[in-house]
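Trainee: Could you take a close look at one part of this model with me, starting with the first chain? After that, I'd love to hear how you would read the rest alongside it.

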Amino acid sequence: MEFIDILARIIPPAIFFASPLIFTALGGVFSERSGIINIGLEGLMVMGAFVGIVFNLTFHEVFGDATPWVSIFVAMVVSAIFALVHAVASITFRADQVVSGVAINFLALGVGLFLTKQWYDKGQTDMVDRPFYTIDIPVLNKIPILGDLFFSGWYLTSYLAIILAFAAWFIIYKTPFGLRLRSVGEHPMAADTNGINVYAMRYVAVMISGALGGLGGSVYALTIALNFSHATIVGQGFMSLAAVIFGKWHPLGALGAAIFFGLAQSLSIVGSSLPLLEDVPQIFLLIAPYVLTILALAGFIGRAEAPKSLGEAYVKGNR
Amino acid sequence: MFANRTVNILIPIISVLLGLLSGAVIMLVFGYNPLKGYAALWTGAFGDAYFLGETLRQVTPYILSGLAVAFALRTGLLNIGVEGQVFVGWVASVWVGVAFELPMIIHLPLAVLAAALAGAFWGFIPGILKAKLGVHEVIVTIMMNYIALYLSNEIVRNVITDGKDRTDSIAPTASLASEWLAGMTYFSRLHWGLLIALFMALVMWFLLNKTTQGFELRSVGFNQHASNYAGMSVSKNIVLAMVISGAFAGLAGAMEGLGTFGYMSVKSGFTNIGFDGIAVALLGANTALGVVLAAFLFGTLKIGALNMPTVAGVPTELVEIVIALIIIFVASSYMIRWIILRFKKEGK
Amino acid sequence: MEYVIEMLNIRKEFPGIVANDNINLQVEKGEIHALLGENGAGKSTLMNVLFGLYQPEKGEIKVKGEKVKITDPNVANKLGIGMVHQHFMLVDTFTVTENIVLGSEPKKGGTVDIKKAEKEVKELSERYGLNVDPGAKIRDISVGMQQRVEILKTLYRGAEILILDEPTAVLTPQEIKELIGIMHSLVKEGKSIILITHKLKEIMEVCDRCTVIRKGEGIGTVKVADTNPTELASLMVGREVSFSTEKTPANPKETFLSIKDLFVKDVRGVDMVKGLNLEVKAGEIVGIAGIDGNGQSELIEAIAGLRKSESGRIKLHDQVITNLSPRKVTQSGVSHIPQDRHKFGLVLDFPVGENMVLQSYYQQPFSKKGVMNFKNIYKKAQELIDEYDVRTPNAFTKARALSGGNQQKAIIGREVDRSPDLIIAAQPTRGLDVGAIEFIHKKLIEERDKGRAVLLLSFELEEIMNLSDRIAVMFDGRIISEVKPEDTNEQDLGLMMAGNTPQKAGGS
Amino acid sequence: ACGASDDGGDSAEGSGGDSENNTENSSENGNNEDFSVAMVTDVGGVDDKSFNQSAWEGLQAFGEENGMSKGEGFDYAQSESDADYTTNLNRLVRQDYNLIFGIGYLLQPAIEEVAAQYPDTNFAIVDSGAEGDNVASILFKEHQGSFLAGVAAAKKTQSNKVGFVGGVDGALINKFEAGFEAGVKSVNADITVDVQYAEAFDAPDDGKLIASDMYSKGIDVIYHASGATGNGVFAQAKDLKKNNPDEDVWVIGVDRDQHEEGAIGEDNVTLTSMVKRVDIAVQDVTDQAMNGEFPAGETIEYGLNDDAISLARTNEEALSDDIITAIEDWKEKIINGDVEVPSTREELETYVNSL
Ligand SMILES: Nc1ncnc2c1ncn2[C@@H]1O[C@H](COP(=O)(O)OP(=O)(O)OP(=O)(O)O)[C@@H](O)[C@H]1O
Ligand SMILES: Nc1ncnc2c1ncn2[C@@H]1O[C@H](COP(=O)(O)OP(=O)(O)OP(=O)(O)O)[C@@H](O)[C@H]1O
Ligand SMILES: [Mg+2]
Ligand SMILES: [Mg+2]
């Protein structure tokens with residue numbers, strides 16, 4: 001039974017850690033599947049966190065219990081619009097997609113902090129009054145073992161993240177939209193000759209990635225950080241990007257990769273008090289998640305094939 | 001076709017102007033005086049010899065981290081791990097700086113070399129994984145950043161020192177600091193590292209554009225199959241590219257360790273020298289000269305910005321926004337080019 | 001008779017170049033109409049205008065007598081125009097069906113109704129005798145199959161007018177025969193076809209009329225029945241062109257290349273070369289004839305050091321070069337004109353000049369002590385550009401901007417110039433116009449006469465017959481017979497390539 | 001301690017120009033009229049809800065008392081990275097401030113360097129000892145406050161398990177750790193103290209992971225000294241409280257009264273906070289400097305006796321009388337010198353062994 005205890009200590013935290021990464025990585029999958037590199041995921045998360053917190057602080061009296069949900073929705077919308085900057089630059093103006101993504105990261109942090117200073121007169125917001133709270137799923141949480149691991153102490157947003165991953169898989173692999181999206185990322189000219197509007201598809205994909213990145217950022221802010229400052233999103237976007245690649249540009253792969261990161265991180269913290277690991281110097285536990293990722297990639301994940309035209313601007317009629 | 005060269009030079013200039021202009025508009029919208037804001041920025045960066053010295057000091061690591069990113073990009077690799085390579089370079093240089101007693105002529109080069117080697121090693125790992133196993137360098141370098149951060153802290157805390165947060169200051173024989181430079185600039189921390197950085201820009205230019213090795217590196221960056229067909233070793237060149245890129249980044253760390261600070265402390269987060277290097281490289285179009293100019297712009301904006309809150313009340317974040325906009329404008333050169341050409345046409 | 005397509009006075013400009021000027025093209029219903037012109041004459045451009053990928057600067061297009069504006073491929077599709085592009089527009093990772101239905105997918109409850117789509121594809125495929133597997137992934141099927149998928153794509157969209165841009169350049173003779181059959185069955189169904197090809201024989205065989213363009217300008221339209229290949233060629237090039245390459249009999253000397261019991265696997269680990277033996281002597285051209293997929297590519301890659309040999313040995317002179325690195329192989333005197341010029345032959349983003357020294361950059365006079373000497377490099381490049389008639393604005397132009405034919409000439413110049421002992425030429429004239437082919441053939445023969453050994457791989461029997469001094473027929477990873485071109489004909493060769501051991505050749 | 005920060009921001013623009021005039025007129029050595037003071041923040045920024053903010057509040061209070069306003073008489077410069085400390089110090093020196101504070105131990109080398117270059121300006125550093133004839137070092141006895149936090153935790157815990165979450169492992173935070181553990185053990189040596197460092201002051205996700213693990217192990221009181229990482233600790237505690245209002249989960253805040261952070265509906269998970277009144281110290285030293293009594297070259301330690309270190313009592317419901325009594329008792333003993341609170345891990349070991 002002790003093993004189950006350990007699992008119970010590792011899994012639920014791993015999931016809340018992973019959820020924001022899952023959302024954001026799914027966004028990355030959409031964007032990159034359409035052929036647009038999105039190194040700006042970090043910035044999209046920053047924007048999401050900023051909007052989520054500010055909205056929550058401002059309107060919590062209007063929306064009451066629904067505030068966090070409305071907040072993440074608004075964060076999605078605003079981040080999707082914000083992602084248009086990346087879309088316009090890299091799709092219409094044929095900007096190098098890495099450059100434009102890096103600019104997004106700068107811009108989001110700059111805008112977020114600038115406005116925080118304008119509106120709150122300080123470098124960080126107050127803590128929100130209405131964050132998300134974990135819940136126990138009635139009935140299901142009574143299932144022995146599984147109930148403890150999967151149906152108690154989770155955020156609803158975590159379930160949402162997992163459901164969305166499957167939804168993304170369905171959309172990308174089963175629907176006409178998904179087929180077109182993938183074709184645009186693999187061979188845009190083929191898509192074009194088949195009458196698919198490459199630019200429109202890519203715009204949509206980048207905006208979806210904005211929405212999901214914003215969702216990831218706002219969920220992070222409303223479950224973990226509870227306020228917004230320069231220290232709210234530091235590297236989660238890059239970890240999400242890593243999850244996209246780790247997961248081989250597949251929604252379920254990204255889901256798995258994000259959960260892997262969560263488990264590794266959780267294990268590195270729980271580890272210090274596990275019988276087996278307690279004598280391991282802390283430094284090894286600290287770097288374990290990152291080393292494990294590299295080992296996993298080198299050992300058995302290996303070569304991943306990116307969408308073929310990833311990173312290339314589509315110029316009509318060019319070869 | 002119409003003077004392409006002029007257009008190529010005009011684009012970054014126009015982008016910078018557009019970026020600054022947008023910044024001015026933002027200031028206006030939020031009720032600041034843009035003239036005052038930019039005046040504060042200007043004096044903050046060039047107001048007197050001290051600030052000029054500090055600006056150049058800030059430019060120094062940017063040049064090197066920018067070169068690191070640019071070098072990798074020129075060979076088809078995206079090195080997001082410059083940040084981590086800066087860390088290990090910093091630690092290595094300081095370690096050598098405090099651990100040995102040697103005459104300067106040996107000590108300083110040794111410390112600088114140690115930084116380059118450490119950075120190179122940190123680049124070697126993602127390089128070899130990419131070359132031999134096809135592991136995507138972006139993930140590995142992201143992971144290596146975190147490992148570098150935590151490992152550096154551990155080394156400072158438990159290897160170089162005995163549980164302290166900060167190493168001792170390096171021996172003067174390993175220091176890049178210069179009383180003469182400091183004296184000229186009212187005690188700014190301008191140090192000889194600037195010469196190293198500029199020299200390295202020259203090295204990168206020469207290596208990539210003038211040597212057979214550079215030819216191979218660029219060739220592999222563009223087309224691995226053709227390079228292999230032409231008898232070049234693809235994996236050797238990938239590893240080499242990451243190693244050289246890492247070495248540049250390690251040197252950026254040495255600038256901090258041996259020049260600006262003279263010690264290494266436990267860090268609670270990234271320095272951003274490496275991440276900013278990505279922007280510097282991209283702004284500089286991945287060329288050596290471009291990187292130097294972009295680093296100069298970056299350093300100016302960053303140092304100048306510190307003066308904006310005190311003097312003009314403008315939050316420093318405004319500069320982040322301006323930088324982002326400049327990057328976007330440069331990236332969207334297609335649009336600017338189009339506008340310039342249209343302008344010319346009508347002018348005729 | 002009414003025209004299904006009329007393109008009148010079309011002009012299309014690209015920055016700095018007029019690709020089409022004042023071109024007229026009129027296609028009758030139910031005919032196969034050839035479009036002929038040199039590389040870069042503007043054929044693909046004209047067709048891309050018709051298909052809505054480019055907008056013409058001038059001119060008008062009529063479909064079935066009605067003036068139309070084709071703003072994008074969607075409009076073209078609706079007008080019943082379908083196009084099979086020179087470079088296939090297929091998504092490698094998708095299945096045949098997915099590629100075909102992409103953009104007009106049958107739906108069921110918001111999802112792609114793959115079952116229905118596969119059924120439709122199957123039906124369509126059977127109706128025209130195309131014989132494709134709807135579930136196969138594009139990257140797993142042969143080029144010929146891929147082309148059928150392209151044709152199915154247009155048919156699925158109800159195309160009445162099909163544009164085929166150089167469909168035969170990438171096909172084996174067998175596949176070409178089948179394609180011609182398909183074209184006939186399409187025309188029988190009342191469809192019209194515009195066919196672009198550089199092979200005059202094909203035009204003579206299947207086309208009703210032929211429109212010729214030269215350097216972007218329309219030269220005119222002729223009835224195929226009233227003309228002959230020589231006339232067509234001179235119309236297109238603007239001068240006389242000789243077809244059969246003139247050459248003196250070979251004078252083979254010592255053995256340069258000898259291969260013994262060679263085994264090579266392909267990427268998937270399947271044996272492709274299975275105990276092959278072959279010799280090539282100085283002063284002769286040995287042509288390898290065979291149907292694609294019988295191990296030819298693997299053989300050549302193994303010789304060039306690009307692929308590992310499992311066992312056996314490859315010798316150049318007395319030196320064993322089995323499994324040497326490409327660099328070592330090159331240094332020991334082998335040149336290689338690769339089959340896939342974009343993938344292997346060129347760094348497209350390098351200037352033409354630097355591509356000219358892709359293997360020799362590290363040697364004097366192009367570099368000294370590791371430092372490049374660009375003056376010498378570009379001097380050399382200019383010489384090669386002049387000698388091999390590579391049409392490029394200058395040596396500093398990126399290789400990407402050159403037409404395929406000119407890219408090929410650049411590669412050939414580079415490879416031949418290194419004065420190798422052995423030249424491996426893999427499909428050296430694929431996709432080139434007759435003028436360019438003539439030039440390249442001449443060059444290869446010149447090299448032979450200088451005492452070099454040439455190993456030629458081609459899927460064009462005509463090229464093999466014309467150029468080779470000795471033909472080695474490759475089947476299932478082995479050379480199953482060797483014949484002299486004068487002792488055989490295309491018919492017999494075709495039989496041998498299908499695996500039949502020859503009675504006549506063996507008996508002599 | 002909060003709220004005062006609103007004063008500064010708005011007036012910033014109008015006063016910009018004046019500050020220049022001001023600096024041009026001011027003489028080398030300040031007398032009462034011309035006295036001006038400024039501070040350089042560390043990367044946390046002047047509104048970090050922590051010691052930077054507190055220090056700034058001290059300067060503001062000082063300014064208010066002396067009829068000054070931001071930019072006129074007192075000001076701050078914010079650092080965006082470690083490399084900016086020296087630049088900012090120099091900037092302020094050039095603007096002829098008489099006294100310049102460096103806030104945070106990270107500024108120690110920078111202060112030493114600049115102080116040596118400008119012997120005519122006075123400097124003070126908070127949270128670290130710095131060398132120099134024109135430098136005053138301001139230290140706090142955080143270990144004393146942490147000790148009391150430990151007492152409170154020990155009294156409050158029902159599981160006899162408490163936790164400590166540190167930011168970055170180092171001398172400063174070790175002080176908190178040592179004091180806390182000593183306090184806990186002094187009350188009841190059987191209580192276990194689980195110590196974890198997040199190795200970051202800006203990682204709420206790690207903070208939350210650690211807190212989640214600690215609470216799930218039965219730990220019911222966590223003392224955090226980890227900046228924004230602590231946000232995650234609060235997030236986790238509040239989440240547990242929300243799900244089960246009867247569950248006893250507590251957080252002890254740090255630096256200022258973090259009562260607000262712990263609020264969840266009617267409940268509050270903040271048991272108490274180890275309040276470190278940097279403002280008091282800053283104001284005190286500034287006053288001394290203005291009066292010509294600047295403690296140059298000295299190290300001043302603020303502790304329980306000057307109320308610069310204290311334990312917040314905002315959560316009256318949670319802090320029962322016996323806890324308060326215990327805290328008062330131990331506070332008494334510390335001030336008397338009966339108890340020597342350990343400030344390093346070594347001292348802690350000796351201390352615990354001696355119990
Ligand atoms: N995208 C483009 N941008 C600029 N110029 C182009 C472009 N496409 C074609 N051209 C120009 O138009 C001319 C005609 O090209 P086109 O592709 O139509 O030739 P083609 O007749 O199809 O040749 P080939 O037989 O080699 O296929 C070329 O010489 C080229 O200079
Ligand atoms: N991106 C481009 N920029 C400028 N010109 C181009 C570009 N792409 C193609 N062209 C032009 O289009 C013309 C035809 O190119 P195309 O690739 O059709 O040549 P090709 O001889 O048919 O090659 P292939 O043998 O590969 O079919 C060339 O003359 C080339 O200059
Ligand atoms: Mg063509
Ligand atoms: Mg062609």
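**Chain A and its surroundings**

Mentor: Happily! Let's begin with charge: chain A carries 16 positive and 18 negative side chains, and the centres of these two sets are 15 Å apart. Please keep in mind that this is a predicted model.

Now for the architecture of chain A. Its secondary structure consists of 12 helices and two strands. Try tracing the order from the N terminus: α-α-α-α-β-α-β-α-α-α-α-α-α-α. Measured out along its principal axes, the C-alpha trace covers about 65 × 50 × 40 Å. A compact globule of 319 residues would have a radius of gyration near 20 Å, and chain A agrees with this because its own value is 20 Å.

How is that chain packed? In chain A, 65% of the 319 residues count as buried. If you take the contacts between residues at least 6 apart in sequence, 77% of them join residues at least 24 apart. The accessible surface of chain A is about 10,500 Å², and carbon and sulfur atoms contribute 69% of that.

Next, look at the neighbour. Five pairs of chains are in contact, and among these pairs chains A and B share the most contacts. Chain B has 16 helices and zero strands. Its radius of gyration is 21 Å, close to the 20 Å from the globule rule for 348 residues, so chain B is as compact as a globular protein of that length. The C-alpha trace of chain B spans about 65 × 60 × 35 Å along its principal axes. Buried residues account for 66% of the 348 residues in chain B, and 77% of its contacts with a separation of 6 or more come from residues 24 or more positions apart. For the surface of chain B, the total is about 12,300 Å², with 70% belonging to carbon and sulfur atoms. As for charge, chain B has 20 positive and 16 negative side chains, with the centres of the two sets 16 Å apart.

Let's move on to chain C and its metal ions. The magnesium ion (ligand 3) is coordinated by Ser44(C) through OG and Gln86(C) through OE1, at 1.8 to 2.2 Å. This pair links distant parts of the chain: Ser44(C) belongs to helix α1 (residues 43-50), while Gln86(C) is in the loop between β6 and α3, 42 residues apart. For the magnesium ion (ligand 4), the protein donors are Gln86(C) (NE2) and Glu166(C) (OE), at 1.9 to 2.7 Å. Glu166(C) is in the loop between β9 (161-165) and α6 (173-188) and Gln86(C) in the loop between β6 (81-84) and α3 (96-101), so this pair ties together parts 80 residues apart in sequence. You may have spotted Gln86(C) in each site: it bridges the magnesium ion (ligand 3) and the magnesium ion (ligand 4), which lie 4.1 Å apart.

Are these donors buried or exposed? Buried means under 20% relative accessible area. Ser44(C) therefore counts as buried at 14%, and Glu166(C) counts as buried at 8%. Gln86(C), because its value is 27%, counts as partly exposed.

Chain C also has some backbone details to enjoy. Most residues other than glycine have a negative phi, and most peptide bonds are trans. Against that background, Gln364(C) and Pro365(C) are joined by a cis peptide bond, with omega about 0°. You will find Pro365(C) in the loop between α12 (352-355) and β19 (367-368). Asp476(C), which is not a glycine, has a positive phi of about 50°. That residue, Asp476(C), sits in the loop between β23 (470-475) and β24 (478-483), and it is partly exposed at 31%.

Finally, chain D. No contact joins chain C and chain D, and their closest C-alpha atoms lie 38 Å apart. In chain D, Asn160(D) is a residue other than glycine with a positive phi, near 60°. Asn160(D) lies in the loop between α6 (142-156) and β7 (161-166), and its 31% relative accessibility makes it partly exposed.

How values were computed
Residues are numbered from 1 along each chain as its sequence is written. Chains are lettered from A and ligands numbered from 1 in the order in which they are written. Side-chain values use heavy atoms; hydrogens and water are left out. Helices (H or I, at least four residues) and strands (E, at least two) are DSSP runs, numbered from the N terminus. The radius of gyration is taken over C-alpha atoms; the globule rule is 2.2 Å times the number of residues to the power 0.38. Buried means under 20% relative accessible area, exposed over 50%, partly exposed in between (1.4 Å probe, protein chains only). Contact means heavy atoms within 4.5 Å. Accessible areas come from the Shrake-Rupley method with a 1.4 Å probe; for residues, only the protein chains shown count as cover. Lys and Arg count as positive and Asp and Glu as negative; His and the chain ends are not counted. The place of a charge is taken as NZ of Lys, CZ of Arg, CG of Asp or CD of Glu. Donors are N, O and S atoms within 2.8 Å of the metal (3.2 Å for Na, K and Ca); water is not among the atoms, so sites may look incomplete.
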